[in-house]
Amino acid sequence: MTDLYLNTNLYTIRPEAEGRLKKELKVYDLLESLNIPFTRLDHDVTPTIEACHDIDKLLAINICKNLFLCNAQKTRFYLLMMPGDKKFKTSELGKQIYSPRLSFAPAEFMEEYLDITPGSVSVMGLMNDTDNRVELLVDEDVLKEEYFGCHPCINTTSLKLKTTDLTDKILPHIHHTMTVVRLSS
């Protein structure tokens, strides 16, 4: 372990509201309203996928990378969930979704559509995308895992959720669908 953690306790309940952002608490409200169990780990800021390795070991999950992307015209936006050990190849993904010249989307769109800041990208941010401006792309290998990890819209906490809870409960509830993609290792 590194000195990354504020503590190494795992919780299965929402945190106290004091000191927490409204957007994080909104995630727990959603999970509770859908009766979705979760495991929570509070930690220091994790701005990169590399910083998440020890966290994922504690949560007993494989690292899931979340990327916020757009087309060249900045008219189509995507949230890509993929295994952390895969390399992202824009051309490979672009061909599959018929959107050439993909790039990382500017932070202002991330904040406007998902209410998330860079370093905190999470599928949970889609609950803030009520106009469905962001398309969810999920690598098929993420769906093969029983659990996945994500931030509750802030990168000082990580959650472990069942993958089927995402596909069968969360996405339908927030009126989002997903496109399954196949990214090479």
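Trainee: Which residue takes a positive phi just after H6?

Mentor: This is a predicted model, as should be kept in mind throughout. Helix H6 covers residues 163–173, and the residue with a positive phi, of about 60°, just after H6 is His175.

Trainee: Where on H6 do its buried residues lie?

Mentor: The buried residues of H6 are Thr163, Asp165, Leu166, Ile170 and Leu171. Seen down the axis of H6, these residues fall within an arc of 140°, so the place they line is one face of the helix.

Trainee: Which residues is Ile170 in contact with, leaving aside its neighbours within four places in sequence?

Mentor: Ile170 is one of the buried residues of H6, and it is also among the residues with the most contacts inside the largest nonpolar core. With its neighbours within four places in sequence left aside, the residues in contact with Ile170 are Leu30, Leu31, Leu34, Ile36, Met124, Leu161 and Asp165.

Trainee: Which element gives the largest share of the largest nonpolar core?

Mentor: The largest nonpolar core has 38 residues. Among the elements that give two or more residues to this core are strand E3 (64–70), strand E4 (77–83), helix H4 (107–114) and helix H6 (163–173). The largest share, five residues, comes from H1.

Trainee: How many residues are in the second, separate core?

Mentor: The second core is separate from the largest one, and among its members are Met82, Leu93, Leu102 and Leu183. Leu93 is also one of the buried residues of H3. The number of residues in this second core is twelve.

Trainee: In what order do the five strands of the open sheet stand?

Mentor: The pairing in this open sheet is mixed, and its edge strands, which each pair on one side only, are strand E5 (103–104) and strand E9 (178–181). Within the sheet, E4 and E6 run parallel and are joined by five bridges, with Leu79 standing opposite Leu136 in E6. The order of the five strands is E5-E3-E4-E6-E9.

Trainee: At about what angle does H3 run to E9?

Mentor: Helix H3 lies across E3, E4, E6 and E9, and the buried residues of H3 pack against these strands. Those buried residues are Glu92, Leu93, Gly94 and Ile97. The angle at which H3 runs to E9 is about 125°.

Trainee: At about what angle does H4 run to E3?

Mentor: Helix H4, which spans residues 107–114, lies across E3, E4 and E6. The angle at which H4 runs to E3 is about 105°.

Trainee: Is Gln96 buried or partly exposed?

Mentor: Gln96 has its place in helix H3, residues 90–97. Its relative accessible area is 31%, and since buried means under 20% and exposed over 50%, Gln96 counts as partly exposed.

Trainee: How far from a polar atom of the side chain of Gln96 does the backbone oxygen of Arg182 lie?

Mentor: Not counting residues up to four places away in sequence, Gln96 touches Val181, Arg182 and Leu183. The C-alpha atoms of Gln96 and Leu183 are separated by 9.4 Å, although these residues are 87 residues apart along the chain. From the polar side-chain atom of Gln96 to the backbone oxygen of Arg182, the distance is 2.6 Å.

Trainee: Is Ser99 buried or exposed?

Mentor: Just after H3, Tyr98 takes a positive phi of about 55°, and Ser99 lies in the loop between H3 and E5. Leaving aside its neighbours within four places in sequence, Ser99 is in contact with Asn71, Tyr78 and Gly94. With a relative accessibility of 4%, Ser99 counts as buried.

Note on methods
Residues numbered from 1 in each chain as written. Predicted model: local features only at pLDDT ≥ 70, side-chain atom pairs only at ≥ 80, totals over all residues. Heavy atoms only, no water. Core = buried A, V, L, I, M, F, W, Y, C linked by side-chain atoms within 4.5 Å. Buried < 20%, exposed > 50% of the residue type's maximum accessible area, 1.4 Å probe, protein only. Helix = DSSP H or I, 4+ residues; strand = E, 2+ residues; numbered from the N terminus. Contact = heavy atoms within 4.5 Å. Polar contact = N/O pair within 3.5 Å; in protein donor to acceptor, adjacent residues only side chain to side chain. Arc of directions from axis to C-beta. Pairing = 2+ DSSP bridges. Axes fitted to C-alpha atoms, helices over the stretch in contact; angles between N-to-C directions.
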